[in-house]
Every structure is written in structure tokens, then in C-alpha cells.
Amino acid sequence: MASENVSVVFKLYCLTVMTLVAATYTVALRYTRTISSGEMYFATTAVCISEVIKLLLSLGMLAKEMASPSWLKKAIVEHIFCSPKELLKLSIPSIVYAFQNNMAFIALSNLDAAVYQVTYQLKIPCTALCTVFMLNRSLSRLQWFSVFMLCGGVILVQWNPAQATKVQIEQNPFLGFAAIAVAVLCSGFAGVYFEKVLKSSDTSLWVRNIQMYLSGILATLLGVYLTDGDKVLEKGFFFGYTPWVFFVVFLASVGGLYTSVVVKYTDNIMKGFSAAAAIVLSTVASVLLFGLQITATFASGAMLVCVSIYLYGLPKQDTTRLTLHHTDIEAKQKLINV
């Protein structure tokens, strides 16, 4: 019984942290890209720094997990330096995640925080499709219904998007939605791929994170060079950084770690409630901070999204038990008739 209580407490803890981090990250990133009066920082460098921080945090968690420094050294040598195939395997989601994070910066530079938060939930049907094709899983009729409901909610949000009044830069909604579409595809594929790798072996979660973040650092450094190389050399790697920007980088790092924890230890119900609560929190914060005007169409679409997330997370009925139960009843009725 004690282990069950610990498990429930742990899941509630993950739910709370995920919700707060997701909502705060969206609003804070939106603020640094549209409202902050300082020089605009390079999004590629922010993504790169977050990968470095996630690597350091994962090393710290692995050190805590190991019994002694010698065990830590052995684990690093065995799984990092002597496992090039595993590093290559984990480089795929790390590169995709790095690209997704850059798309998030572009999206939040051109969309309101609440619109971004709701539209980004299209990652759920994308993840559902990737799960079906990549993990050979099936979805219930209720889950597929919730997927279509989610799409309807997102269409309502885009049909008459709410407008914010406190924006100091010119925005391009089309570019923002295009970035969201790319980020959604990246999120679905990378998430399911990482889940498949994570649950196909008994390797420590933190070892897998280290393998992924090493590749992620290389990928993001390449992104810095290709996208902002000349500007970074001219103005510096940390050009435009403020305490708010460092706060956004920290949230991105913590959010990435909790994503991997959730993939391994929690379920769709937890993630669904977290996503729905983050939408509500970020919308309220956008009203208070950015002067967001909520329209009836936007509110209806956001409500559909929240309901669909909840329905999608409901556990599927065990059809096997139902079938056996009905079969048992029919057998008893035949005996009675005889």
C-alpha cells in the first residue's frame, strides 16, 4: 500500500510541475520575444544553452542514482564512450527536438501565447498517428473522436484568433502557424521514437537523456552556426540576454527533463490534465500581461480542446474481460436450459 501511495504522490507532483512549467514557459517566452524592451537575443543560442543545462542536470541525477563515483564512471564509459550505436540512435530525437524548439521560438514571436498553447495541442493527433504506426498500438473510438474534436477546436481558434494589443514587433501569423505545424510534426515523431527507445531496454532514464542531450548540443551548435553564425561572432553568444531570457532557458531545461520522466513513469491522463490546465493558466496570464482579447469563438475552441484532451486520456475499456464475462453468462444460461 505504501508503494501505491508514493506512486500517486509522485504522479501528482509530476502533474503539478509539468503544468506550471508549461504555462510559465509559454508566457515567459512570449514576453521575451515580443514585449521585452531589450535587444532581441538569438533563439538558436537559447536552445543550445538549454541542451547544455539538461545534460548537466541529467549527469547530476545519474550521479545521485549511482552508489559511488566509481559506478558513475563505469556507467558513463560503458553507455557513452563505448556505445556509439546507442549515441547514434538517440541523436535522431535530439536533432528533431532541437529543431522543434527553434520552431517554438518562431511561433511565439508571431502568435499570441494562448493561440500558441491551444494550437500546439495538434501534437496529440500527430502523436496518436505516430503511436499507431511506430508502436503498433490501437486507439479506442473515444480516443479517435477526441482527436477530431481537438482538430475542430483548433480550427475555431484559428478561424477568428484573439488579438493582443501589447506587442512591440511586427507579427506574421502565417509564419507562426507554419512554425507550429512543423513543431507539431517534430513533437509527435520525436516523442514516440524516444518512448520506443526508452521502453525497449532497462537502461537508466538519465543515461538515455545524456545520450540524447550530447547529440542535441552538437545539433544546436550547428543550428547556431548556420542560422546566426555571423551575428553571433559580431555581437557575442549571449547578446540580448536578460534575467528573463535566462529564466526562459531554465524553464526549457526543466520542462525537457520532466517530459522524459513523464514518458517513462506516467500516463496519458496525467499529460492530458497537465496540457489542459496549462492552456487555462497561459490564457489567464495572457489576458493580464498582454491585453489578450478573448472572443466567443476562441473560448469555444479552447473549451473543445480541453474536453478533447480529457477524453483522449481516458483509459480504454478492457474488451477482453467484457467478452469473457458475456461468454461466461451465455454458458451458464445454456446449462440452466439443459
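Trainee: What relative accessible area does Glu86 have?

Mentor: We're looking at a predicted model: local features need a pLDDT (the predictor's confidence in each residue, from 0 to 100) of at least 70, side-chain atom pairs count only at pLDDT 80 or more, and totals for chains, interfaces and linings use all residues. Residues are numbered from 1 along each chain as its sequence is written, and side-chain values use heavy atoms, with hydrogens and water left out. Buried means under 20% relative accessible area, exposed means over 50%, and partly exposed is in between (1.4 Å probe, protein chains only). Glu86 counts as partly exposed because its relative accessible area is 22%.

Trainee: Okay, so which residues are linked with Glu86 in a network of salt bridges?

Mentor: A salt bridge is a side-chain nitrogen of Lys or Arg within 4 Å of a carboxyl oxygen of Asp or Glu. Glu86 has one with Lys89 at 3.4 Å, N to O, and another with Arg208 at 2.5 Å, N to O. Put those together and the network links Glu86 with Lys89 and Arg208.

Trainee: How many residues apart in sequence are the parts that Glu86 and Arg208 tie together?

Mentor: Check the helices (DSSP runs of H or I, at least four residues; strands are E runs of at least two; both are numbered from the N terminus). Glu86 is in helix α4 (residues 84–110), while Arg208 is in helix α9 (residues 205–235). Because the two residues lie in those two helices, the pair ties together parts whose separation in residues is 122.

Trainee: Within helix α4, about how many helical turns separate Glu86 and Lys89?

Mentor: Lys89 is partly exposed at 33% relative accessible area, whereas Arg208 is buried at 3%. Glu86 and Lys89 are three residues apart in helix α4, so the separation is about one helical turn.

Trainee: Which residue does Lys54 meet in a salt bridge?

Mentor: Lys54 is buried, with a relative accessible area of 6%. Its partner sits three residues apart in helix α2, so about one helical turn separates the two. The partner counts as buried too, at 2% relative accessibility. With a 2.8 Å N to O distance, the residue that Lys54 meets is Glu51.

Trainee: Which side chain makes a polar contact with the side chain of Thr44?

Mentor: Thr44 is in helix α2 (residues 43–65) and is buried at 6% relative accessible area. Leaving out residues up to four places away in sequence, Thr44 touches residues including Asn102 and Gly223 (contact means heavy atoms within 4.5 Å). A polar contact is a pair of N or O atoms within 3.5 Å; within protein, one must be able to donate a hydrogen and the other to accept it, and residues adjacent in sequence count only if both atoms are side-chain atoms. At 2.7 Å, the side chain in question is that of Asp228.

Trainee: What angle lies between the planes of Tyr241 and Phe246?

Mentor: Rings of Phe, Tyr and Trp (its six-membered ring) pair if their centres lie within 6.5 Å; planes under 30 degrees apart are stacked, over 60 edge-to-face, and the rest tilted. Tyr241 is buried at 13% relative accessible area, while Phe246 is partly exposed at 43%. Both belong to one aromatic cluster with Tyr41, Phe105, Phe237 and Phe238. Tyr241 and Phe246 form a tilted pair, 5.2 Å centre to centre, with an angle between the planes of 55°.

Trainee: Is Phe133 buried or exposed?

Mentor: Phe133 lies in helix α6 (residues 123–135). Its C-alpha atom is 9.9 Å from that of Val192, 59 residues apart along the chain. Because its relative accessible area is 66%, Phe133 counts as exposed.

Trainee: Zooming out, what percentage of the residues of the protein count as buried?

Mentor: The protein has 13 helices and zero strands. Its accessible surface (Shrake-Rupley method, 1.4 Å probe; for residues, only the protein chains shown count as cover) comes to about 17900 Å², of which 68% belongs to carbon and sulfur atoms. Of the 338 residues, the buried share is 47%.

Trainee: And in which helix is confidence lowest?

Mentor: The mean pLDDT of the protein is 78, and 80% of its residues reach 70 or more. Over residues 318–324 the pLDDT is below 50, and beyond near neighbours in sequence this stretch has one contact in the model. Where pLDDT is low, the predicted coordinates should not be read in detail. Confidence is highest in α2, at 91, and lowest, at a mean of 49, in helix α13.
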